[in-house]
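Me: Please give a close account of one site in the model shown below, and then of the parts of the fold that lie beyond it. Which contacts are made there, and how is the surrounding structure built?

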Amino acid sequence: MSMITSDGTTSDGLAVHCENPERQPDSNPAEAWRIDPPYTLRSVALVLVVFALLWLTGSRVQMDRLAALTGEGFAVALGLRESSQVSAGAARIAGELFPMQISERREVARIENFDRNHLPWFSHIETEQTRERRLNPTTLVMEETTQEREYLVEPLGYLGHVALKMVETLEIALWGTLLAMLLSVPLAFCSARNYTPNRAIYFAARSLVSFFRAVPELVSALFLVVLYGFGPIAGVAALALHAAGFLGKFYGEDIENADNGPQEALRAIGAGRIKVLCFAVLPQVFPQYIAYTFYVLDRNVRMATVIGLVGAGGIGQELKGRYDMYNYGHVATILLAIFITVMLLDQLAARMRRRFL
Amino acid sequence: MMMAEILSTTAAEDNLLRLERIDKRYGEQWVLRGISLGIPRGQFCVILGPSGAGKSTLLRMVNGLAEPDTGIVYVGGERVDNTNLARIRAGIGMIHQHFNLVTRASVATNLLAGALPKVALWRALLLWFPALYRRRACELAAAVGLNAAQLGRRVSALSGGQQQRVGIARAFMLEPSIILADEPVASLDPKISRDILRLLHSESRRRGTTVLCTLHQVDLAREFADRIVAVRAGEIVFDGPPACFDETFARRVYGDPAGAHLPDATDELRVGESLSCP
């Protein structure tokens, strides 16, 4: 602005304003200048203190043991050692997780309304003969009897089951995110200092936002299961509350930091608060909103797999059940399904971000 | 002559806009000191002065973006206060130095936003603007020299000069009786500045709009103003037709570093103020 001032006025010879009054001759000769090194003895001392503190806390959380055990594990892997705790554990887990469970095998007698003529796709019936020794009640002699049991085998049955559970998990994450967006809009409005109706509401909204973020999904899911029973409702609600805290905070801060110029332009012609918010603030903050919302969706998918552990629906519930029954082959399938889902979602989110931002 | 007519109507009742004994200070610093000013309907009045002279604050008092410590602002004979501020604001368009457009939104949306005070909230939220305003936005876009393709484009895709054209069109959306232009060309290069002021001048003339415009370029003020009000350090040091605002005055408004010889300079200028223009 000042450049245009001096240009514009001097070109007409009207003003004598081009001399900057603050520009004075240097009283300080170049010999007296110096460039200090980027750090001093004090900063070195500070770094040493930080290292000492890290050493202290590191030993409290057994970082030395971490290094030792991991080193032993690698030594076994390289054939330098016979055995170690870590490698033994890893071998045991690997042994139990594999082979992964893909098929589903159910006893026909236990299937309700089993229709032999209409088997599910790609499935067949296996017959298994088992010999059992039984006491014959009339002769009171132990006899060997042969029993025949039929099993329905679906080669990809368990995979299908996991896929269905995964879909349910994604649905929980989606609805958790949608409810969070709805909840966070009034929270953001009330916790933005320049739009909140009054101070009391501002502090109430701020506290609520902090509270929602302070309670982890897993903990709120525990309580919500008591309120709504086992199943997806508790999961959706738990995800929504936590994410609403997150989105409320970030949406609110974005509203506060939005460029004031366009807002003032609309206030100057007498537009009300909500109109100013919608026409001068929302277009500015829209890209960040999309980014936050994708982050929340991404996080919710991962969290939705976890909160099932406490009975809030989705694949986590299946995982917990199988783990408790020592069906580690099933657990492996579930873990793989979660991994693939998260990876695909990452790709999708990246693509969406490129598209919208 | 038209100019003479406009200048002759100085009786207080005829003024569309009137400021009376306005004082404003931030802490110890006086921003405005005893400013009284009447602007008749249809006048293109330029408030001229160096940066920090208080001209922007003076302008913003008209629509309540700044509040005077003491003094009264009348718009259309009505005293501006908190009860009628929203209604009065809807009748005053404003053009800003940094355009103050939403750069991510389209030109059309920015133009329609200029009609927001008169549009029902539910319509605004659904982006369902009345046909009247949609048509007017198109007409204004054409009038300020934008083309149909640019209507749908984001404002950020336009050059500075084109953005200010959008700003001018937006200010006319509600057919205001007054337009406040706060340094409308300070962010533009000299040639574009002249084009933009010419546009503002001709559009306001055509619609009979009263314009209060702050500028710091003397040549532009002399070219477009019906009347120049020069402000320095919060006080009016010249008020008259541009023909009387010669180089001597210009030098006195801008010349000395602020405060240095101020009492002398203003004394002289006070005398100058009473000069009548032939």
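Reply: Leaving aside neighbours within four places in sequence, Ala265(A) is in contact (C-beta atoms, placed from the backbone, within 7 Å) with Met94(B), His96(B) and Asn100(B). This is a predicted model, in which local features need pLDDT of at least 70 and side-chain atom pairs count only at pLDDT 80 or more, while totals for chains, interfaces and linings use all residues. Residues are numbered from 1 along each chain as its sequence is written, with chains lettered from A and ligands numbered from 1 in the order in which they are written.

Ala265(A) belongs to helix H9 (residues 260-268) of chain A; helices (H or I, at least four residues) and strands (E, at least two) are DSSP runs numbered from the N terminus. Ala265(A) counts as buried because it has 27 C-beta neighbours inside 10 Å; the cut-off for buried is 20 or more other C-beta atoms within 10 Å, for exposed 12 or fewer, with partly exposed in between. Val276(A) lies 11 residues from Ala265(A) in sequence and 9.1 Å from it in space, C-alpha to C-alpha.

In chain B, the domain assignment, which is automatic or from a database, gives domain 1 (2-91 + 178-273) and domain 2 (98-175). Their contact takes 11 residues from domain 1 of chain B and 13 from domain 2 of chain B. Helix H9 (residues 190-207) of chain B supplies six residues, the largest share of the domain 1 side.

The 18 residues of H9(B) should span 26 Å at 1.5 Å a residue (counting one less than the number of residues), and its end C-alpha atoms are 26 Å apart, which agrees. Its buried residues are Ser193(B), Ile196(B), Leu197(B), Leu200(B) and Ser204(B). These fall within an arc of 95° seen down the axis, so they line one face of the helix; the arc is that of the directions from the helix axis to the C-beta atoms. The face turned away carries the exposed residues Lys191(B), Ser202(B) and Arg206(B). Among the elements covering the buried residues of H9(B) are strand E3 (44-48) and helix H8 (160-171) of chain B. Gly208(B), with a positive phi near 70°, follows H9(B).

The largest nonpolar core (buried Ala, Val, Leu, Ile, Met, Phe, Trp, Tyr and Cys residues joined through C-beta atoms within 7 Å) has 131 residues, with Leu48(B) and Leu212(B) making the most contacts inside it. Helix H10 (residues 273-307) of chain A contributes its largest share, 14 residues.

Technical notes:
Contact = placed C-beta atoms within 7 Å.
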